[in-house]
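Student: Could you take me on a close look at the empty space in this structure? I would like to know which parts form the walls, and how they connect to the rest of the fold.

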Amino acid sequence: MDYRKVAKDIGAGNTLPIYLCYGPEKYLMQQFIEFMTTKLIEPEHREFAISKFDLSETSIDTVIEDAETLPFMVPRKIVIAKNATFFTGARDQSKVDHNLDKLTSYLKSPVDYSIIVFIVDADKLDERKTIVKTIKTMDAALPFLSLSAEGVQDWVLKGAAKAGFSFENGALDQLILCTGGNLQALAAEIEKLSLYLGGSGVVTMDLVDELVVRSAEQNVFLLVEEVVKLRLERAFMLLEQLLKQKEEPIKIMMLIARQFRIMLQVKELSKQSYSQSQIASQLGLHPFAVKVAEGQARAFDIESLSRIIGDIADLDYQMKTGAIEKVLGLEMFLLSLTQTKA
């Protein structure tokens, strides 16, 4: 069942006694639960109407008992239970014994004054399990999947429009690159940009560079992007920033190697007619990261990418043995990349 349709149903007052939330996009899951809470529970009732449990520490029996207990001073309540690992095929590392027969029995005759929300920290459910089949039959299993590259862009544009600003050419992609397409990070940066602009204006690439916080991995992601586009001045500026942040040259080299391996894998899978979403699933990457890697890989053929990865391995050895000064080795490598473009 699509969580957006379920959200509309909840907005119209049509609810189910249980929801099972799972999938990689935790921010959308969190937003859905906040929406449900806002729609169904009055602000003054929330202290008494919302219960939270961790199923790695608490048994399912306790959750069901709480759901079956009449609400105190409120018309209805929401019971949120996280770490519901027993819905997946993963081995449950907790020492809590969960009686799933009790949950099955409850679902046959649930109370009408409680809603149980299970949160599963996994991309997939174990559909062989009877309890999972039962919940799917109720249309209560809600997958929160990573947005496509285009979906992330649309999501950011809507958030920016709501905040009152727009983007100059290239700034939108720059912002998404800087955050790795992470929706929670993007939401925080949209709020920051809105505050800086005073609620209206245009976000430039320079403003993104100035305000958006980036991890070392995201800086390397951008660095490779700048090299591929032959914008060496920006590439060396990013390298200088990484070094000023006390990032080890060998670590930077390792992250560059990772990006080129991704580019090679994406290129090979694309040749086999895999879609971006299929590649993302196969490699365990965000769809936007696959889109960027696919664009970067167009600048090289497969043989060049394989050779570059070999060159990185050689440089890594030279750095570690002292055969070359680390920063000089990095700089020479970046310059050599511009000669390798197909």
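Tutor: Happy to; we will go through the pockets, then a residue beside them, then the cavity, and end with the sheet. Please keep in mind that this is a predicted model.

Let's begin with the largest pocket, which holds about 720 Å³ of space. Its lining counts 18 residues, and the closest to the centre are Tyr3, Arg4, Leu28, Gln31 and Trp155. Four helices each supply at least two residues of this lining: helix 1 (3-11), helix 2 (26-40), helix 7 (149-163) and helix 9. Helix 7 gives the largest share, with six residues. Sorted by class, the lining of the largest pocket has ten nonpolar, five charged and three polar residues.

Now for the second largest pocket, with about 480 Å³ of space. Here 24 residues make up the lining, and Thr179, Gly180, Gly181, His286 and Ala289 are the closest to the centre. The helices that each bring at least two residues to the lining of this second pocket are helix 2, helix 8 (171-179), helix 9, helix 11, helix 13 and helix 15 (287-297). By class, its lining has eleven polar, nine nonpolar and four charged residues. Helix 2 and helix 9 are worth a second glance, since both appear among the suppliers of the largest pocket and again among those of the second largest.

Helix 9 deserves a stop of its own. It spans residues 183-197 and contains Leu186. With a relative accessible area of 0%, Leu186 falls under the 20% limit and is therefore buried. Leaving aside residues up to four places away in sequence, Leu186 touches Val152, Trp155, Val156, Leu175, Ile176, Thr179 and Gly181. Two of these contacts lead back to the pockets: Trp155 is one of the residues closest to the centre of the largest pocket, while Thr179 and Gly181 are among those closest to the centre of the second largest. Val156 shows how the chain comes back on itself here: Leu186 and Val156 are 30 residues apart in sequence, yet 7.3 Å apart in space from C-alpha to C-alpha.

What about enclosed space? There is one cavity of 30 Å³ or more, with a volume of about 30 Å³. Its lining consists of Glu217, Val220, Phe221, Leu255, Arg258 and Gln259, which divide into three nonpolar, two charged and one polar. Helix 11 (216-228) and helix 13 (249-271) each supply at least two of these lining residues. Both helices also have at least two residues each in the lining of the second largest pocket.

Finally, the sheet. Five strands form an open sheet in the order 2-3-4-1-5, with parallel pairing. Strand 2 (50-54) and strand 5 (141-143) are at the edges with a single partner strand each, so one side of each has no neighbour in the sheet. From one strand to the next, the twist averages 20°. Strand 5 runs parallel to strand 1 (residues 18-22), and three bridges join the two; in this pair, Tyr22 stands opposite Pro143. Helix 4 (residues 60-68) lies across strand 2, strand 3 (77-82) and strand 4 (114-119), and runs at about 170° to strand 3.

How values were computed: Residues numbered from 1 in each chain as written. Predicted model: local features only at pLDDT ≥ 70, side-chain atom pairs only at ≥ 80, totals over all residues. Heavy atoms only, no water. 1 Å grid on protein atoms, 1.4 Å probe; cavity = no way out; pocket = protein on both sides within 12 Å on 5 of 7 lines; lining within 4 Å. Points joined across faces, edges and corners; volume = space filled by probe spheres on them. Nonpolar A, V, L, I, M, F, W, Y, C, P; charged D, E, K, R; others polar. Pairing = 2+ DSSP bridges. Axes fitted to C-alpha atoms, helices over the stretch in contact; angles between N-to-C directions. Contact = heavy atoms within 4.5 Å. Buried < 20%, exposed > 50% of the residue type's maximum accessible area, 1.4 Å probe, protein only.
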